[in-house]
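Dear colleague,

I am handing over a structure to you with this email, and I would ask you to open it before reading on. My notes on its aromatic rings follow below.

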Amino acid sequence: MRMLVFGGTGMLGRALAAEGRRRNQPVLALSRAQGDVRDRRRLAYWAGAFAPEVIVNCAAFTQVDACEERRQHALEVNGEAVAHVAAAAAGAGAALVQVSSDYVFDGGGSRPYREDDPLGPLSVYGESKRLGEERALAYERALVVRASWLFGAGGPSFPATIRRLIADGKTPLRVVDDQVGAPTYTPYLARAIWDLAQRRATGVVHYRNRPPVSWYGVACEIAAAVRPRAEVVPVTTSEFPRPAPRPAYSVLDVGRFEELVGRAVEPWLAGLTDFLDTMARREGNSGD
Ligand SMILES: NC(=O)c1ccc[n+]([C@@H]2O[C@H](COP(=O)([O-])OP(=O)(O)OC[C@H]3O[C@@H](n4cnc5c(N)ncnc54)[C@H](OP(=O)(O)O)[C@@H]3O)[C@@H](O)[C@H]2O)c1
C-alpha cells in the first residue's frame with residue numbers, strides 16, 4: 001500500500017515511515033517545508049506525483065498551550081487545512097487518515113469515551129482538532145483516528161521530559177495525579193494506522209495503549225526504570241496552572257479498533273520500556 005504522510009518528520013510521521021519500511025511498503029513522508037498543509041496546490045502536486053493509495057495527515061500545531069495565544073494559526077493548520085489534504089486525497093483517488101486527539105472531549109466523563117460520544121473541547125487545540133475532524137469526514141473515504149498522550153522517538157513528550165528531569169537530578173519531582181488517560185507509543189499507533197488503512201476502515205476509530213493511568217503513575221514507572229530512588233510526588237492540577245485546560249478524564253474506548261483489527265491494544269509499559277532503552281542506546285552511541 002503506497003502511503004503519503006504530511007507532517008512526516010514529527011514523532012508519529014517518523015514511526016509511520018519506519019513501519020512502512022518494516023512492511024516493505026512505499027512511503028513518502030514529507031516535512032513541513034516540502035508540504036505545508038495550508039498550501040492546497042502543493043498537496044495536490046505531491047498526491048499526483050506519488051499516486052498514494054492512502055494519505056495520512058500527521059501535520060499539526062501540537063503545542064497545546066501555545067495554541068491558546070495563536071488561535072487563528074491553530075484553527076488554520078489543525079482545522080481548515082485538513083480540507084486541502086482531503087481534496088488532495090480525492091484528486092488522487094486515495095483514502096485519507098486524519099490523526100486526531102482525545103482533547104476533543106471535555107474530560108468530564110467517568111467511563112471510556114466512545115467514538116460517537118458528544119464532543120466538547122476545553123482548549124483551542126481541542127477545538128482546532130475537532131474542526132480538522134469535520135473537514136476530514138466531509139470526504140467519504142476518510143478515517144479519523146483519535147489517539148491520546150503520544151510518546152516515542154523524534155519529538156518532545158511527557159516521558160522524554162520526565163526522563164531528562166530525573167536523569168538531571170531535578171527531584172523530588174511533582175507530577176499531576178488527577179488527570180487520567182492512556183499513553184500511546186508511536187510505533188504501536190503507526191502499526192494500528194497501517195492495519196486500519198489496509199482494512200479500508202472509515203469513520204472514527206479510537207486507539208490508545210492500556211491500561212489507563214495518571215501522569216503521576218507514568219512518572220513513577222519512568223523513575224523506577226531510570227533511577228529507582230528518585231522521589232516522585234503526586235500533586236493536583238490546581239497546583240500546576242497552565243494556559244490551556246486539560247481534560248481530567250481522557251480515556252478512549254478502543255472496542256471498535258479491537259473488533260476491526262482483531263487484536264487487543266498494546267500495553268504502554270512495554271512501549272515505555274522500549275522507548276527508554278532506545279533513548280539510552282542513542283545517548284550511549286553519541287557519547288553523552
Ligand atoms: N503529541 C500528542 O500527545 C498527541 C496526542 C493526540 C493526538 N496527537 C496528534 O497526532 C498527530 C501527530 O502528532 P505528533 O506528536 O507526531 O506531532 P509533532 O511531533 O509535533 O509533529 C507534527 C508535524 O507536523 C508538522 N507541521 C506543523 N505545521 C505544519 C504545516 N503547516 N504543514 C505541514 N506540516 C506541519 C511539523 O513540522 P515542524 O516540526 O517543521 O513544525 C511536524 O513534522 C497530530 O495530528 C497531533 O495533533 C498528538
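A charge is said to sit over a ring if NZ of Lys or CZ of Arg is within 6 Å of the ring centre and within 35 degrees of the ring normal. With that in mind, please look at Arg-70 in this predicted model, where the charged end of this residue sits over the ring of Phe-61, at 5.2 Å from the ring centre. There is also Arg-2, whose charged end sits over the ring of Phe-50, 4.3 Å from the centre.

Turning to rings that pair with each other, the structure holds 10 aromatic pairs. One of them joins Phe-151 and Phe-275, and because their planes lie at 80°, with the centres 5.7 Å apart, this pair is edge-to-face. It links distant parts of the chain, since Phe-151 belongs to strand 6 (residues 150–151) and Phe-275 to helix 10 (residues 268–286), 124 residues apart. Both Phe-151 and Phe-275 are buried, and ring pairs link these two with Tyr-185 and Tyr-188 into a cluster.

Another pair is formed by Phe-158 and Trp-215, which is tilted, with 4.6 Å from centre to centre and 50° between the planes. Here, too, distant parts of the chain are linked, namely helix 6 (residues 158–167), which holds Phe-158, and helix 8 (residues 215–226), which holds Trp-215, with the two positions 57 residues apart. Which of these residues is buried, and which is partly exposed? Trp-215 has a relative accessible area of 15% and is therefore buried, whereas Phe-158, with a relative accessible area of 22%, is partly exposed.

With best wishes

Definitions and conventions:
Residues numbered from 1 in each chain as written. Predicted model: local features only at pLDDT ≥ 70, side-chain atom pairs only at ≥ 80, totals over all residues. Heavy atoms only, no water. Phe/Tyr/Trp six-rings, centres within 6.5 Å; stacked < 30°, edge-to-face > 60°. Helix = DSSP H or I, 4+ residues; strand = E, 2+ residues; numbered from the N terminus. Buried < 20%, exposed > 50% of the residue type's maximum accessible area, 1.4 Å probe, protein only.
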